[in-house]
Amino acid sequence: MERIIWIPWPEAEAGEFIERSEQWQTVSPKDFTIITYSAGTVNDALREMRTGSIYMRGHGMPGSPFVTTHGKSLHITKSIDRIIEMGLQKTFTGKIKFYSCYSAVDSVQKMRSERVTVPRVQIGPLKFGSKSVTQEVDKSFFEGSRDCLARRGAAYFRSQSFTSCVFQGYGGPLSGKMEQKTDQELVDGHYHKHCLTITFNEGAPVSGSDMESVGRRASAARSNF
């Protein structure tokens, strides 16, 4: 099965993810092909790929539509535009994995009140005051969630007629390199991708659980979109 690691920046800007992806090639018995963005070119591996897995790399945060590297941000739709530009076909039927931290985690905004400035009104020749007033307006509304990167990415791919793929995101911080987390992995000499389990506490930031993170394979923290 073909496995492509997609890094949506030019090679000169992709150093950290090239290094991490090359480590996958070194320690894993599976084959990975690393592709970085090159404007105006078509990659034969992408153009000919019909099934298999594509890992779309980049740092991520809950509810953020951006992937980042070394402070450079790129909207997930731009990453998708670039991989299509370089040859990925609508006939692809494999898995597209948004391999970014928290890619399956929405962000939540709390209910809040706001202070707003309301101008004095004038009706015809009658002017009710000449100054603006500030009053408390209790909106008392829940702004809702911001969709996670994987949900946004899957929707955008489908809008581009990629309707036969499986789209997957991850429910927490991911290991950039493959690691040996458990005693059994150390004994077997196997390296794997790992992911922390994260939860939302209402009205509080995202928190991670170290107990749940020990030995947790990334595949166990994956969701379909």
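Which loop holds His 70? The points below answer that and then turn to the sheet and its helices.

1. **His 70.** This is a predicted model. His 70 sits in the loop between β4 (66–69) and β5 (72–75). Its phi is positive, about 45 degrees, although His 70 is not a glycine. The residue counts as exposed because its relative accessibility is 60%, and the cut-off for exposed is over 50%.

2. **Ser 161.** A second loop, between α4 and β13, contains Ser 161. Here too phi is positive in a residue other than glycine, with a value near 75 degrees. Ser 161 has a relative accessible area of 37%, so it is partly exposed.

3. **The sheet.** Six strands form an open sheet. Their order is β2-β1-β3-β6-β13-β16, and the pairing is mixed. At the edges are β2 (33–36) and β16 (222–224), each of which pairs on one side only. On average, neighbouring strands are turned by 25 degrees against each other, direction ignored. Strands of a sheet pair through backbone hydrogen bonds, either parallel or antiparallel.

4. **The β1–β3 pair.** Strand β1 covers residues 3–7 and strand β3 covers residues 53–57. The two run parallel and are joined by four bridges. Arg 3 stands opposite Ser 53 in β3.

5. **Helices on the sheet.** Helix α1 (residues 15–27) lies across β1, β2, β3 and β6 (95–99). It runs at about 165 degrees to β2. Helix α4 (residues 149–159) also packs on the sheet. Its contacts there are with β3, β6 and β13 (166–170). The direction of α4 makes about 145 degrees with that of β6.

6. **The buried face of α3.** Which residues of helix α3 (residues 76–85) are buried? They are Ile 76, Ser 79, Ile 80, Arg 82 and Ile 83. Viewed down the axis of α3, the buried residues fall within an arc of 160 degrees, so they line one face of the helix. An α-helix has 3.6 residues a turn, so residues three or four places apart point the same way.

7. **What covers α3.** The cover over the buried residues of α3 includes strands β1, β3, β5 and β6. It also includes helices α2 (44–48) and α4. Helix α4 therefore appears in two settings: it packs on the sheet, and it helps cover α3, whose buried residues line one face.

8. **After α3.** Gly 87 comes just after α3 and has a positive phi of about 130 degrees.

Definitions and conventions
Residues are numbered from 1 along each chain as its sequence is written. This is a predicted model: local features need pLDDT of at least 70, side-chain atom pairs count only at pLDDT 80 or more; totals for chains, interfaces and linings use all residues. Side-chain values use heavy atoms; hydrogens and water are left out. Two strands pair if DSSP finds at least two bridges between them. Axes are lines fitted to C-alpha atoms, for helices over the stretch in contact, and angles run from 0 to 180 degrees between N-to-C directions. Contact means heavy atoms within 4.5 Å. Buried means under 20% relative accessible area, exposed over 50%, partly exposed in between (1.4 Å probe, protein chains only). The arc is that of the directions from the helix axis to the C-beta atoms.
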